[in-house]
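Welcome! Please take a moment to look over the sequence and the model shown here before reading on.

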Amino acid sequence: MAAKAYLLNLELMKIMKYILFLVSAILLVGLFSFKPINHDQLLPTKLRITVIDGLGNPTEGATVRIYDNEEDYRSGENPVTEGTTDSKGRVTFKEEIKPVSYFIQATKDDMNNDGEGVKTAPLDEGKLNKVNTVIE
């Protein structure tokens, strides 16, 4: 009887070792198969610009372009991106936005924001950054 119990324990230990091996192998395969997390995809940096007129009213339909350097801003060439304001005077840029300062160009008809706070502070990474600009 003792020999049978010993053999049974031996078989159980073999099975447990086999299960432990399988679990370890699965964990190792799983560990090396994951890609690193891209934090830009989880929390993208966004820039919301609100365009207001000289009286503080939101300006719908204004064209807003952002530039990453003053030279491009002054020449009006190579904007990072552009958009049109909604009924609340807002446009939100979500793609291609980095946590840096941008130059803002806002225009509608004969109004623009020249000389009215055209450069943002450096944007906070992974947040919705909000900026107002006045066109006259």
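The notes below go through the sheets, the core, the surface and the salt bridges in turn.

This is a predicted model. Two open sheets are described here: one of 3 strands in the order 4-1-7, and one of 4 strands in the order 3-2-5-6. The largest nonpolar core has 16 residues, and a search of the whole structure finds 2 salt bridges.

**The three-stranded sheet**

- The sheet with the order 4-1-7 is open, and its pairing is mixed.
- Its edges are strand 4 (90-93) and strand 7 (128-135), each of which pairs on one side only.
- On average, neighbouring strands of this sheet are turned by 20 degrees against each other, with direction ignored.
- Strand 1 (residues 46-53) runs antiparallel to strand 4, and 4 bridges join the two.
- To find this pairing in the model, look for Thr 50, whose bridge partner in strand 4 is Arg 90.
- With strand 7, strand 1 pairs in the parallel sense, over 8 bridges.
- A handy marker for this second pairing is Leu 47, which stands opposite Asn 129 in strand 7.
- Which side chains of strand 7 are buried, and which are not? They alternate along the strand: Asn 129, Val 131, Thr 133 and Ile 135 point to one face and are buried. Leu 128, Lys 130, Asn 132 and Val 134 point to the other face and are not buried.

**The four-stranded sheet**

- The sheet with the order 3-2-5-6 is also open, and its pairing is antiparallel.
- Strand 3 (81-84) and strand 6 (111-112) are at the edges with a single partner strand each, so one side of each has no neighbour in the sheet.
- Strand 2 is joined to strand 3 by 4 bridges, and these strands run antiparallel. Here Thr 63 stands opposite Thr 84 in strand 3.
- Strand 2 is also joined to strand 5, by 5 bridges and again running antiparallel. Tyr 67 has Phe 103 in strand 5 as its bridge partner.
- Strand 5 goes on to pair with strand 6 in the antiparallel sense, over 2 bridges. In this pair, Thr 107 has Asn 112 of strand 6 as its bridge partner.
- Strands 5 and 6 form a hairpin with 2 residues between them. One to look at in the turn is Asp 109, which has a positive phi of about 50 degrees.

**The nonpolar core**

- In soluble globular proteins, nonpolar side chains tend to be buried together.
- In this model, the largest nonpolar core has 16 residues. Those with the most contacts inside it are Leu 47, Ile 49, Val 51, Val 64, Ile 66, Phe 93 and Tyr 102.
- Which elements give two or more residues to this core? They are strand 1, strand 2 (63-67), strand 4, strand 5 (103-108) and strand 7.
- Strand 1 gives the most to this core, with 3 residues.

**A nonpolar patch on the surface**

- Some nonpolar residues are found at the surface, in a patch of about 910 Å². The patch is made by Leu 8, Leu 12, Ile 15, Tyr 18, Ile 19, Phe 21, Leu 22, Val 23 and Leu 27.
- One of these residues, Phe 21, is found in helix 1 (residues 2-33).
- Is Phe 21 buried or exposed? Phe 21 counts as exposed because its relative accessibility is 56%, and the cut-off for exposed is over 50%.

**The salt bridges**

- How many salt bridges does a search of the whole structure find? The search finds 2.
- In one of them, the side chains of Arg 65 and Glu 82 meet, at 3.3 Å from N to O. This pair links distant parts of the chain, with Arg 65 in strand 2 and Glu 82 in strand 3, 17 residues apart.
- Arg 65 is partly exposed, with a relative accessible area of 23%, and Glu 82 also counts as partly exposed, at 44% relative accessibility.
- Another salt bridge joins Arg 74 to Glu 70, where the closest N and O atoms are 3.0 Å apart. Both residues lie in helix 3 (residues 70-75), 4 residues apart, which is about one turn of the helix.
- Arg 74 is exposed, with a relative accessible area of 61%, whereas Glu 70 counts as partly exposed at 40% relative accessibility.

Note on methods: Residues are numbered from 1 along each chain as its sequence is written. This is a predicted model: local features need pLDDT of at least 70, side-chain atom pairs count only at pLDDT 80 or more; totals for chains, interfaces and linings use all residues. Side-chain values use heavy atoms; hydrogens and water are left out. Two strands pair if DSSP finds at least two bridges between them. Axes are lines fitted to C-alpha atoms, for helices over the stretch in contact, and angles run from 0 to 180 degrees between N-to-C directions. Buried means under 20% relative accessible area, exposed over 50%, partly exposed in between (1.4 Å probe, protein chains only). Patches are made of residues with over 30% relative accessible area and no salt bridge: like charges are joined within 9 Å, nonpolar side chains (Val, Leu, Ile, Met, Phe, Trp, Tyr) within 5 Å. Accessible areas come from the Shrake-Rupley method with a 1.4 Å probe; for residues, only the protein chains shown count as cover. A salt bridge is a side-chain nitrogen of Lys or Arg within 4 Å of a carboxyl oxygen of Asp or Glu. A nonpolar core is a set of buried Ala, Val, Leu, Ile, Met, Phe, Trp, Tyr and Cys residues joined through side-chain atoms within 4.5 Å.
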